Amino acid sequence: MKKTTFLAAALLASTSLSASAETLRWARAGDSLTLDPHAQNEGPTHTLAHQVYEPLIIRDMTGAFQAALATDWAPKADDPNVWVFNLRQGVKYHDGADFTAEDVVFSINRAKSDNSDMKELLNSITEVRAVDDHTVEFVTDGPNPILPSNLTNLFMMDKGWAEANDAVTVQDVEGGEKTFATTNANGTGAYKLVSREPDVKTVMTLNEDYWGKDEFPLDVTEIVYTPIQNAATRVAALLSGEVDFIQDVPVQDLGRVDETDGLVVKTAPQNRTIFFGMNQGADDLANDNVDGKNPLADKRVRQAMNMAINRDAIKQVVMRGQSQPAGIIAPPFVNGWTAEMDEVSTDIDAAKALMEEAGYSDGFSIQLDCPNDRYVNDEAICQASVGMLAQIGITVNLDAKPKAQHFPLISGNETDFYMLGWGVPTYDSEYIFNFLVHTRGSDRGSWNSTGFSNAEVDQMIQSLASETDLDKRNATIQSIWDVVQEEQVYIPIHHQVLNWGMTENVGIEVSPEDDPKIKFFELD
Amino acid sequence: MADIQQDIRPSRLHRAWNSDLGWSFRHAPVAVASTFVVLLLIIGAVLAPFIAPHSPFDPGSLNLMNGFTPPGQANQFTGDYFLLGTDDQGRDVFSTILYGMRISLFVGFAAVLLAMVLGVTLGLLAGYLGGWTETIIMRVADVQLTFPAILVAMLIFGIAKGITPPEYRNEMAIWVLILAIGLSDWVQFARVVRGATLVEKNREYVQAAKLIGRSPFAIMLRHILPNVLNPVLVIATISLALAIIAEATLSFLGVGAPPTKPSLGTLIRIGQEFMFSGEWWILFFPAATLLALALSINLLGDWLRDALNPRLR
């Protein structure tokens, strides 16, 4: 009985494959939040944008730098505060316009503007100037050795197109704004946008005039991208041959998918850590039952909560072994991570003692905001944590919702206790500090909804961008982590493990950023 | 004394047993079986705190390591034993079904009660008063009928959730569900009652009541209402099954009962994620319970409709 269904599914999968050898039907749990390339610094949003738009430099599927719209780059010989980028010649946007230095200047300035979510990556840049049509200079306030790694998700828009379509300013996501660029795109990438229905379906087709026609496989000629939030439905779609590639195979179905003829699962640790953030800066919380004071402002409470989370149980049961328990919000890929900081243990008795010491022996109640379509088993992790925190007297009301409603709570500072996952495309701690640790301000701390603010730490974070002595820089990184760990700004849960499921003819390895770039895909 | 009285006047139960309806009931094995199942489930739900071996709504009592224990086997880490297994959070499925049924049944009964009170009142008013009152009530009903009930319920749920302060949301969720399902279901009652009222209001006894000067509300309440109750009873029974399913649907879609207080629908939603991976019991037992409950109530409603229909006697 079971054998026949397997066979039937395999047969179905193989027949549908031969019929659509060049179309890649791709599914994942959640959709891109917007096509505006600078409006949201979020994984799935960048991943979709990478098919249509291109940055100056990209990371290939192994995470190594590769020239994209820039052919080469180097610090200027006589001025260490300037990076010179030579641009690729003869590149055209999908609407036929030429890609020039003017577009780079426009795009970087756009990404530095108020509504942009990419500001933190560019805050060391004081000026971008076009030397000629195919040379651009980036001026930084002090030498910035890691600037190129900040540009791998910074997409280049066409100035003329943006001006003609009223898309010069970045879409204000928190304000609920929608612009032409939210659902339309005009990039230089290997694929052109054909149609887009948010949360339903996005279709892209191969760009015949792509500059890299001879450099990349470009085996896929059409991409049909459909978000499928429900895990069982997503797996069923892969098993039945309805899709060729899913980015998030539910951990409980790994065996089932891998055993199915014609399907493979590829697994790799992801450059991403899942954690809880706590609003420790507010005088009083909006969604708790303690009046007049903020229980999370007490370090002992935060430490108790950290001790109450049983990460091994989450790994064993919720993640079925597919996670790496974390004591720090930086994944091991990142410069600044140490095994020592990543160690963590559960101690309910010590946690209870800390709660009593802080004056909360009867506990308190609080709301936990959690996404249900972003991370692997996000809602189940939150639910399990509700039980663990209940053991030290904290009553947690769980509010799980799609990421499109969850993330604005964090960027809008409207949550007391929330789940977030942070990937580190620059492979350096500075990226984490800029977004998650620095005081929330105009050009840093945009995803720091904890209210944590420490002038000394801010000072150290700002010094990182222009510190050229690597040993000194690493020492500063370590002392910032010391404060973050000591103050228990966040409660780390685990480093995520990626599971991609695909038909056997899709030849691609899992990228640690979870960002498949379809132009690299080889189909046999 | 009591004995003598019982000899002269049989007890209510006894009279009901010997009535036409009682006779029809005794000769319908389906009805008897359905009643048995419904009563069994209701007793299980009501006595859940005494029967259930665990308390699934108390997150502090859960041990995550008990997660995914198969029914009738000991857990591989803790060695604990669960009759119907556990779900992904280590909740005992048997206890959760009992507690979940409490929510499902409570929401079902309360929503039908709300729909019934609302529908009967509006139906009586529309049928008896006629004119503008009737036009307005019945057009609103028509408009609402053009939307699927579940959509209306989701709409009401969404609005209500939006205006409740977040700290009360979890406690309010159940009441909001009742409101949403109740408000989406009154039209059936209103239509039937209006139809029956139109017939009854021209009968002699109503004319007589009018002549002796009884107020319209007294006539509606004391004279017409008792005579239109039979069809209302039938609709209420069938609506109960539908309301329970509507609650399950909303919770299945993730807009109903909060995940930490699962109802049958929430359990089915959790369970269907593990359908492919072999943990069948998380889905199967709650779904079977929901099926048994809804089917039995439906069969009971069918029987009641036939039994109360004079033409089928």
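**Entry 1: a sheet in chain A**

In what order do the 4 strands of the open sheet in chain A lie? I looked this up in a predicted model. The order is 4-5-7-6, and the pairing is antiparallel. I then checked the edges. Strand 4 (70-76) and strand 6 (125-132) of chain A are the edge strands, and each pairs on one side only. Neighbouring strands in this sheet are turned against each other by 20 degrees on average, direction ignored. I noted the general rule beside this: strands of a sheet pair through backbone hydrogen bonds, either parallel or antiparallel.

**Entry 2: strands 6 and 7**

Next I followed strand 6 of chain A to its partner. Strand 6 and strand 7 of chain A make a hairpin, with 2 residues between them. The two strands run antiparallel, and 6 bridges join them. Strand 7 covers residues 135-140. Which residue of strand 7 is the bridge partner of Val128(A)? I found Phe138(A) there.

A helix also belongs in this picture. Helix 3 of chain A, residues 101-111, lies across strand 5 (79-87), strand 6 and strand 7 of chain A. Against strand 6 of chain A, helix 3 runs at about 170 degrees.

**Entry 3: the domains of chain A**

I moved out to the whole of chain A. Chain A is divided into domain 1 (2-262 + 504-523) and domain 2 (270-497). Domain 1 is therefore written as two stretches of sequence, with domain 2 numbered between them. The C-alpha centres of domain 1 and domain 2 of chain A are 28 Å apart. How many residues does each domain of chain A give to the contact? Domain 1 gives 29 residues, and domain 2 gives 29 residues. I sorted the domain 1 side by class: 8 nonpolar, 12 polar and 9 charged residues touch domain 2 of chain A.

I also picked one residue, Thr503(A), in strand 17 (residues 490-503) of chain A. Is Thr503(A) buried or exposed? Thr503(A) is buried, because 21 other C-beta atoms lie within 10 Å, and the cut-off for buried is 20 or more. Then I looked for a residue from another part of the chain. Val243(A) is 260 residues away from Thr503(A) along the chain, yet their C-alpha atoms are separated by 8.7 Å.

**Entry 4: where the chains meet**

I turned to the contact between the two chains. Chain A puts 27 residues into the contact, and chain B puts in 22. On the chain B side I counted 11 nonpolar, 7 polar and 4 charged residues.

**Entry 5: chain B as a whole**

How many helices and strands are there in chain B? I found 14 helices and 0 strands. The C-alpha trace of chain B spans about 80 × 55 × 35 Å along its principal axes. Chain B has 313 residues, and 45% of them are buried. I looked at contacts between residues at least 6 apart in sequence: in chain B, 68% of these join residues at least 24 apart.

**Entry 6: the core of chain B**

The largest nonpolar core has 81 residues. Leu177(B), Ile181(B), Phe189(B) and Ala190(B) have the most contacts inside it. Which helix of chain B gives the most to this core? Helix 6 (residues 93-129) does, with 19 residues. I listed what Ile181(B) touches, leaving out residues up to four places away in sequence: Val107(B), Ala111(B), Ala153(B), Ala243(B), Ala246(B) and Glu247(B). I kept one general note here: in soluble globular proteins, nonpolar side chains tend to be buried together.

**Entry 7: helix 13 of chain B**

Why is helix 13 (residues 264-272) of chain B said to be largely enclosed by the rest of the structure? I found that 8 of its 9 residues are buried, so the description fits. Among the buried residues of helix 13 of chain B are Leu264(B), Leu267(B), Arg269(B) and Gly271(B). I asked what covers them. The cover includes helix 6, helix 12 (216-252) and helix 14 (281-308) of chain B.

**Entry 8: Phe82(B)**

Last, I looked at a loop residue. Phe82(B) sits in the loop between helix 5 (48-51) and helix 6 of chain B. Phe82(B) is buried, because 24 other C-beta atoms lie within 10 Å. Phe82(B) and Asp92(B) are 10 residues apart in sequence, and 6.4 Å apart from C-alpha to C-alpha. Not counting residues up to four places away in sequence, Phe82(B) touches Thr69(B), Pro71(B), Asp92(B), Val93(B) and Phe94(B).

Methods. Residues numbered from 1 in each chain as written. Chains lettered and ligands numbered in written order. Predicted model: local features only at pLDDT ≥ 70, side-chain atom pairs only at ≥ 80, totals over all residues. Pairing = 2+ DSSP bridges. Axes fitted to C-alpha atoms, helices over the stretch in contact; angles between N-to-C directions. Contact = placed C-beta atoms within 7 Å. Nonpolar A, V, L, I, M, F, W, Y, C, P; charged D, E, K, R; others polar. Buried ≥ 20, exposed ≤ 12 C-beta atoms within 10 Å, placed from the backbone. Core = buried A, V, L, I, M, F, W, Y, C linked by C-beta atoms within 7 Å.
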